[in-house]
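Good morning, and thank you for coming. I would ask you to look at the structure on the screen while I speak about how its parts meet.

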Amino acid sequence: MAETLTATNGEVLTAKDFATDQEIRWCPGCGDYSILKQVHTILPQLGLKQEDIVFISGIGCSSRFPYYTETFGMHSIHGRATAVASGLKAARPELSVWIVTGDGDGLSIGGNHTIHLLRRNFDMNILLFNNEIYGLTKGQYSPTSPENKVAKSTPFGSIDHPFNPIALALGADATFVARSMDRDPAHLQNMLLRSYKHHGSSFLEIYQNCNIFNDMAFESYTEKSTKKDEALFMVQGQPLVFGANNEKGIKLDGFKPVIVNLEEGASKNDLWIHDEHDMVKANIISRFFDHVDVEGHLPRPFGVFYQTTRPTYEDMMSQQIAQVITAKGEGKLDKLLAGSETWVIE
Amino acid sequence: MAEQTTITELEEAVIKFAGDSGDGMQLTGTQFTTNAALFGNDLGTFPDFPAEIRAPIGTVAGVSGFQLHFGSKEIFTPGDICDVLVVMNSAALKSNIRNIKKGGIIIANTSGFDAKNLKLANMTSNALEDDSLGNYQVIKMDVTRMTREALTDIQLGMKEKDRCKNMFVLGFLYWMFNREMDNTIKFLTDKFGKKPEVLEANLRVLKAGYSYGDTTETFTTRYKVEKAVMPAGTYRSIMGNQATALGLVAASKKSGLPLFLGSYPITPASDILHDLAKYKSFGVKTFQAEDEIAAITSAIGASFGGSLAVTTTSGPGMALKTEALGLATVLEIPLVIINVQRGGPSTGLPTKTEQADLFQAYYGRNGECPIPIVAAQSPSDCFNAVYEACRISVQHMIPVILLTDGYIANGAEPWRFPKESELEEIKIEFAKPMAEGEKFMPYARDEKLSRPWAIPGTKGLEHRIGGLEKQNITGNISYEPENHEFMVKLREEKVERIANYIPEQKIDSGPAKGKLLVLGWGGTYGALKAAVRELNEEGFDIAHAHLRHMRPFPKNLGEILNNYDKVLIPEINNGQLVKIIRDKYFIDAMAYNKIQGLPFFKSELMDKIREILK
């Protein structure tokens, strides 16, 4: 577990301070409740003033999030939360900006803004609630739904190939890429804290169960009986192991990841050691994406895939302005209005 | 000097420089313009470029033009048709032959009329040799050859030498109009100071062009256009997009709000982005977004954060921003949306002008979504118009659309620019922090019906806004049937109340009552004013009024309309303002429309008005 930040401004906030007076309107049993709770739990630990936090969302079930969080917030339009947040962060770099989006909002209608936000590396936290379905419009397949998905708009099964959101984020040169799930509060809190701590765009995919339109989509990774065999928790500097007794491991055979069994003669020393700063390894592990039904599939990784440092857009924007002002002095309006050539009429 | 040369005095003259995109006609035109401005002429200019950056050389598609109208009297437009047409090749003549006066002067570069150039322009016979130009005075000169000859001993490649040929033409015109060349010599020295060979070449060709006029005895007439009588003051030349950018910086300074521009490149609006990107010493933040939608929504984010937030675009981009305009309307936050109109629909005529986005600005959104609209009427007026749009937006907490157009955006005129101290303050106040236990009401309202601008970072003002229908005062989501109707009417009333905070409509020229009112808006100002003034001088009982505020209209507009027997509304579209006026004031306003991607000519407006009053 990553270290917890402690409040530094003297004001002690609790999770309760972040609850609003609005009645929560998610369906009973929705995975969003857990995510809301984990966010409210970690917010008081960030050492931020409540008024310096802003949550921006788009449209979809997850995008109701700002109404339930006592900070500044905007429930914007479909797919554009990332763009609204970019403008806000550019204008006000000192604010802590959080984006709440979903697989439809952030990867379909707003896919373009998501990739551009990541390449620009604004210091913001993108929480992408992935439930592999359109919930608010009552059950159409989404860009992350698996092939053959039978949904309202695909009665004979979907013929769309899904996005792999982690690989997409890496492809867009995101500086922090992680995955967690609604049903593992400790892991989710940890990932939220890591997202916040990262200076740059943090892309956190959160598997979220839609119990109405896509129930059990992630059950292999969340249910006790299968979680240990199907979910691979990446820990920095540690070998990749999973299984009921951590008896299974991942070994790199050249560039090919293979599953080995430590109880059947494989050595722990030969295992892949997770290094979240290694782009090549991040690209390989992001492709552990086969459906659980696929014979010989690899486990689905959770945790931080990749983290690197690159200057943020808003820092460079502010620096460029400061440099110009240092070089030329503050702009004088009268001089600007006069331009380079004037003449006088008597 | 040829002894038989006489000097003819002209009150005004229109010159058009036309050539291939690579011939440097824009530069030649702007140099002559600066010369005329520094001399003290009043003037108006309009560049006319192809949509293609580098269309095939020598073709009609690749012709680039620059028109200048200057005079010793007041000038309101770049001129209908030209007195002098400079053509560097056959294609330039072909595409401009309609735009020259009978008896006008055509200065033709003969090397642009060889077999190859004639073929590229699809001309079957050489107009310079046959008698098709019998109605004009044609001055033929082999600019290419004379340029090369002037540079025989200069160490430059042929291509670079040929690039100087626009200077020959410029020098010749300076001779023809009896001008000093100091400004161009200074310009070239500044531009090519570090390349002495290139500088020397340009200067030599410029002077060669001048001497050619002086020493060749075939030219017997030179022209003189005296200084204009203009209000005393300090002037500069300004293009519309430049003025828009300056107006935004000025509004930022005088409101104390940092300026944020979210924009996506689009013709003919991109120059506003280019200019603002230079003004970093004013703290201006420009964000070249990934698309038009991100451009406006990033501006919405910046506005939420307390910036003077702006997005700039043209018609097709405006279409993409539509949903976000609705969001800004429901959020009730300031936002200035600038549409530099061009010919549509779809990609339409990117480099040509039109006024066909008025309906889009009025009605082009889902739901009941009224947005105030301001229009600019001339290149320099873009400054005043955008300043006013900013003022309304931040003081009334509302998005405002500013309409300019390609014609005034790229046109230039002298501008007696204001001093910072002469500009009216734009007073705004952010919501103040709340004491413990007090509840902030984000949709509480003042007498303008505007709500508080509560920016993140202010203690106790944490609140959530969004595109779902709001309850008044609390800003909570509300699906109540009565509330929705109430909020729709309230947002409409909020727009209407702006009429209490804008000046009354004035008559620009002509009597306060009479036979005919010519009502215009936007970039047609110069042509309408020139036409009405001239007809007033001829004794016609007509007036001209031009709208700055398109929504809401000034409160006295209805009264003004009723003071005339007839109302004529000329527009560069298929009739848009005319329909809005008919609808709102139940008057039988007449439309007069031109939809050719071109501005009105004074002459066609005068003909139309005469016909109506017959």
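Let us begin with a pairing of strands across the two chains. Strand β12 of chain A is joined by three bridges to strand β9 of chain B, residues 233-239, and the two run antiparallel. Within this pairing, Trp343(A) has Tyr235 of β9(B) opposite to it.

I should state that this is a predicted model. For the complex, the predictor reports an ipTM of 0.97 and a pTM of 0.95. In chain B the mean pLDDT is 95, and 99% of the residues reach at least 70.

How many residues does each chain bring to the contact between chain A and chain B? Chain A provides 49 residues and chain B provides 57 residues. On the side of chain A, the elements that supply at least two residues each are β2 (72-75), α2 (81-91), α4 (111-120), α10 (313-328), α11 (333-338) and β12 (343-345). The largest share, eight residues, belongs to α2(A). Sorted by class, this side of chain A holds 24 nonpolar, 15 polar and ten charged residues.

I turn now to chain B itself. Its domain assignment lists domain 1 (6-225), domain 2 (239-502) and domain 3 (514-612). Between the C-alpha centres of domain 1 and domain 2 of chain B there are 42 Å. Where these two domains touch, domain 1 contributes twelve residues and domain 2 contributes eight residues. On the side of domain 1, α1 (25-39) and β3 (42-48) of chain B each give two or more residues, and β3(B) gives the most, with six residues. That side comprises eight nonpolar, three polar and one charged residues.

Technical notes. Residues are numbered from 1 along each chain as its sequence is written. Chains are lettered from A and ligands numbered from 1 in the order in which they are written. This is a predicted model: local features need pLDDT of at least 70, side-chain atom pairs count only at pLDDT 80 or more; totals for chains, interfaces and linings use all residues. Two residues are in contact if their C-beta atoms, placed from the backbone, lie within 7 Å. Helices (H or I, at least four residues) and strands (E, at least two) are DSSP runs, numbered from the N terminus. Ala, Val, Leu, Ile, Met, Phe, Trp, Tyr, Cys and Pro count as nonpolar, Asp, Glu, Lys and Arg as charged, and the others, Gly among them, as polar. Two strands pair if DSSP finds at least two bridges between them. pLDDT is the predictor's confidence in each residue, from 0 to 100. Domain bounds come from an automatic or database domain assignment.
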